[in-house]
Amino acid sequence: MRKIWDIPGGIHPAENKAQSLHNPIASAGIPPQLILPLAQHIGAPASPIVNVGDRVLKGQMIAEAKGFVSAPVHAPTSGTIAAIEARVIPHPSGMSAICIVIDTDGADQWIEHVGAEDYTSLSKIELVDRIRQAGIAGMGGAGFPAAVKLSTRDDKPIATLILNGTECEPYITADDILMRERAAEIIAGAEIMRYIIKPTKETLIGVEDNKPEGIAALKKAAEGTGIEIVAFPTKYPSGGEKQLIQILTGKEVPAGGLPADIGVVCQNIGTATAIYRAIQFGEPLISRITTVTGEACGQPQNYEVLLGTPVQYLLNKSQFKQENCVRLIMGGPMMGYTLQDTAVPIVKTSNCVLAPTVAELPPPPPAQACIRCGMCAEACPVSLLPQQMYWFSRAQEHEKLEDHQLFDCIECGACSFACPSNIPLVQYYRASKAEIRQAQQDKIKSERSKERFEARTARLEQEEAEKEARRAARMEAAKAKAAAAANAPASGSKTDIIQAAIERSKAKQSQSEAADTAQAAVARVQAKRDGNAEEESAEQITDRLQKLLASAEKRLVAAKEKLTQAREQENDNAEAFATAVSKTEEKIASIQQELTEHQASLTATKTEATFATDNADPAQAAIARALTKRAGNSADESDADKTTRLQNTVTSTEKRLAAAQQKLALAQEQNDANTSAFATGLEKTQTKLDAAKKELRDHQAALAVRDQAAPVGAVSSEDPVQAAIERAKSAREAQANMSDADKTKQHIESLENRIARTSEKLDAARVDGDDKANILADSLAKLEDKLAAAQQTLS
């Protein structure tokens with residue numbers, strides 16, 4: 001007969017398990033809405049892989065595991081993703097966490113799934129991966145991912161596989177009813193785990209002797225398998241993992257260690273059932289057995305509940321009477337915690353919802369002073385010193401708490417139960433654990449910050465040293481150059497001395513000219529600001545624009561070189577250099593456009609003067625203009641050229657607008673201080689695009705009107721000279737029949753059209769803050785003077 005070891009301490013609270021064992025397991029059904037927290041296990045929370053509005057099927061993965069110690073989440077039934085947001089979750093603090101909310105459709109439609117007919121045909125790695133993908137976590141305690149426990153190492157062989165069927169906490173009967181009704185599934189799951197782990201010694205299922213029906217069912221199902229069902233005396237908390245291992249094997253798990261360190265793997269019987277269904281049928285963990293009990297429930301019952309089912313939905317099924325309930329507890333009366341909200345969902349570790357009356361679970365009386373009776377130490381199953389830990393917790397002496405093995409405390413509540421002074425000892429221990437963990441996290445963050453600061457300091461020191469080395473190298477080079485210059489007169493010829501003097505004179509003159517140029521530029525700007533600026537001649541404007549263009553092109557070349565070097569070195573300033581290149585290119589384009597328009601205005605003025613002088617023969621004037629245009633010396637454009645130019649302008653401006661929109665969006669996302677500047681630039685570019693599109697539309701409309709008005713059989717020629725000759729002949733014939741008054745009217749109409757176009761350009765330039773606004777204003781004033789003179793002649 002197998003030897004049973006005893007554990008130190010322990011208590012015997014009233015069991016109260018009969019209430020929920022009168023009826024078999026019932027299906028809780030499908031609630032209207034499921035709330036699925038992403039963290040239902042120890043380790044990293046899962047990450048959503050669905051979006052709001054997606055329709056999901058039963059068994060479909062909706063959140064994937066993030067990291068080795070993590071578990072995915074699956075849809076317990078079919079429906080639509082209603083939200084991915086923070087909701088209240090089952091936790092002692094009543095905290096909120098990210099959850100996936102599913103509006104169920106009642107169809108309960110499964111995703112395609114298939115199991116393994118013969119699991120022995122699969123390797124250990126394949127079986128563990130299937131268990132991991134099924135999202136199975138420990139269903140009797142903290143929710144440790146089952147796949148992690150089963151991933152044993154070859155250099156650490158496992159001697160004993162233990163399945164925990166103890167369920168020592170009062171009121172809870174989820175494992176008891178599971179053993180009674182689904183013992184075959186438990187044994188099948190145990191055999192799968194035994195195949196994966198390959199224990200060298202034995203496979204045991206430990207059950208307290210207060211479950212005779214469950215023990216009998218397990219023994220019958222385990223016949224011929226070699227799995228041993230071990231019954232032992234009832235005592236709380238024999239269901240703790242370390243306590244059960246000690247009871248069945250006599251081995252103690254070392255402080256801070258794992259069962260695998262002593263050759264043992266321990267799993268819950270509910271976890272065994274979930275593993276069986278995952279391997280045999282391909283079903284992920286989407287439901288569990290949960291006990292709903294307490295005298296405030298009219299019908300205590302064990303339900304098979306879909307994960308994510310709200311607690312209120314289960315209470316309604318059990319005829320819950322809220323007025324009789326003293327407090328609602330998730331778990332048992334010893335290790336459970338009070339629920340502040342009945343909207344919290346059932347998760348993978350939810351084995352019980354307890355709704356006791358005042359008579360069942362009266363509120364604890366006020367805590368009194370510790371009388372140092374030592375009963376808490378006698379009840380502790382881990383052989384700790386609860387009384388000393390209590391004093392250290394109150395004094396926040398964390399180092400002494402750790403020296404007294406605080407983290408070996410399993411928070412079973414036996415010490416609080418035995419305390420005659422009604423001191424809530426476990427609450428002190430939980431709070432101290434949280435404070436110590438927070439202090440450890442703060443220390444880690446502080447060390448990381450220190451490492452980053454030291455790395456930054458070292459980098460800055462290295463950069464400064466490199467700069468100092470470069471400065472020293474330049475200084476040495478300058479000294480060597482000066483020494484060479486000083487030695488040159490002694491060893492060189494008279495011609496060398498004269499040549500050096502000439503070079504120095506040229507350099508000095510160049511510096512003086514640069515200073516004079518800068519001074520002159522400052523004077524021009526000041527005069528322009530004061531309104532006393534002298535009007536530039538056409539030649540001065542051309543010279544100024546050409547110099548600006550040459551300077552901008554040099555800056556563009558330098559900026560492109562810096563950008564290339566920054567990208568090669570993966571410098572953080574590469575984006576700033578790219579912006580500088582873009583702005584310089586825009587500036588060059590603007591200067592080129594202004595220079596082209598200025599030259600065009602000069603050519604137009606000369607052509608107009610020629611036309612006015614030689615007005616007697618319009619054909620000859622037209623031929624001269626066409627020849628000039630063919631030579632490329634006129635601003636006149638053909639209709640096709642103008643259409644192409646305007647289309648190119650629209651396309652270029654649209655590209656600049658798209659780039660400006662991207663820059664503004666990026667700046668808004670990063671909360672950049674230059675967001676307002678980007679917005680202003682975007683607005684100006686949009687204005688330019690609207691103006692370009694309008695000019696293109698007006699030009700196309702004018703072409704359409706002219707084409708409709710053109711006489712049938714009109715001559716069209718690609719040669720501007722020939723076209724001009726044809727137009728000139730027509731103009732000569734028309735002009736021969738015109739009176740002087742008609743000619744003047746025609747001239748007035750031409751001037752009015754030019755004034756209208758110039759006014760539009762001037763308005764656009766003023767809106768954009770363009771530098772050519774002054775030139776356009778001068779041109780407009782001259783055209784208005786000519787119009788006034790022509791109108792006076794006509795009158």
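# Exercises on a predicted model

Y171 is buried, as its relative accessible area is 3%. The model used in these exercises is predicted.

**Exercise 1. Describe the backbone and the place of Y171, and state what its relative accessible area says about burial.**

Step 1. Locate the residue: Y171 sits in the loop between β9 (160-164) and α3.
Step 2. Look at the backbone: phi of Y171 is positive, about 75°, although Y171 is not a glycine.
Step 3. Apply the cut-off: buried means under 20% relative accessible area. Y171 has 3% and is therefore buried.

**Exercise 2. Where does Q319 lie, and is Q319 buried, partly exposed or exposed?**

Step 1. Q319 is found in the loop between α8 (311-317) and β15 (329-330).
Step 2. Q319 is a residue other than glycine with a positive phi, near 55°.
Step 3. Partly exposed covers values between the 20% limit for buried and the 50% limit for exposed. The relative accessibility of Q319 is 44%, so Q319 counts as partly exposed.

**Exercise 3. Find how α4 and α5 are oriented to each other, and which residues meet.**

Step 1. Take the two helices: α4 spans residues 183-197 and α5 spans residues 212-221.
Step 2. Their axes come within 8 Å and cross at roughly 55°.
Step 3. Compare the angle with the limits: under 35 degrees is roughly parallel, and 65 to 115 is roughly perpendicular. The angle falls in neither range, and α4 and α5 are therefore oblique to each other.
Step 4. The handedness of this crossing of α4 and α5 is right-handed.
Step 5. List the residues: from α4 come A183, A184, I186 and I187, and they meet A217, L218 and A221 of α5.
Step 6. Sort the residues of this contact by class: seven are nonpolar, none is polar and none is charged.

**Exercise 4. Treat α3 and α5 in the same way: give the angle, the handedness and the classes of the residues in contact.**

Step 1. Helix α3 covers residues 174-181, and its axis is 7 Å from that of α5, at an angle of about 40°.
Step 2. That angle makes α3 oblique to α5.
Step 3. The crossing of α3 and α5 is left-handed.
Step 4. In α3, the residues D176, M179 and R180 meet E213, G214, A217 and L218 in α5.
Step 5. By class, the contact of α3 with α5 has three nonpolar residues, one polar residue and three charged residues.

**Exercise 5. Work out the order of the open sheet of six strands, name its edge strands, and find the helix packed on it.**

Step 1. Write the order: β1-β14-β13-β17-β15-β16, with mixed pairing.
Step 2. The edge strands are β1 and β16 (337-338), since each pairs on one side only.
Step 3. Begin at the β1 edge: β1 runs parallel to β14 (residues 301-306), and two bridges join them.
Step 4. Within that pair, S27 has E304 in β14 as its bridge partner.
Step 5. The helix on the sheet is α3, which touches β13 (287-293) and β14. The direction of α3 makes about 120° with that of β13.

**Exercise 6. Which strands pair with β5, and in what sense?**

Step 1. β5 spans residues 61-64 and pairs with β3 (residues 47-48) in the antiparallel sense, over two bridges.
Step 2. One pair across β3 and β5 is S47 opposite E64.
Step 3. β5 is also joined by two bridges to β6 (residues 73-74), and these strands run antiparallel.
Step 4. Here M61 has H74 in β6 as its bridge partner.

**Exercise 7. Describe the surroundings of P8.**

Step 1. P8 lies in the segment before β1 (26-27).
Step 2. The relative accessible area of P8 is 30%, so P8 is partly exposed.
Step 3. Set sequence against space: P8 and V382 are 374 residues apart in sequence, and their C-alpha atoms are 7.0 Å apart.
Step 4. Apart from neighbours within four places in sequence, P8 is in contact with Q246, C380, P381 and S383.

**Exercise 8. Which peptide bond is cis between Y236 and its partner P237, by omega, and where does P237 lie?**

Step 1. The bond from Y236 to P237 has omega near 10° and is cis.
Step 2. P237 belongs to the loop between β11 (228-232) and α6 (241-249).

Key. Residues numbered from 1 in each chain as written. Predicted model: local features only at pLDDT ≥ 70, side-chain atom pairs only at ≥ 80, totals over all residues. Heavy atoms only, no water. Axes fitted to C-alpha atoms, helices over the stretch in contact; angles between N-to-C directions. Helix = DSSP H or I, 4+ residues; strand = E, 2+ residues; numbered from the N terminus. Parallel < 35°, antiparallel > 145°, perpendicular 65-115°, else oblique. Left-handed = near helix turned anticlockwise from the far one by under 90°. Contact = heavy atoms within 4.5 Å. Nonpolar A, V, L, I, M, F, W, Y, C, P; charged D, E, K, R; others polar. Buried < 20%, exposed > 50% of the residue type's maximum accessible area, 1.4 Å probe, protein only.
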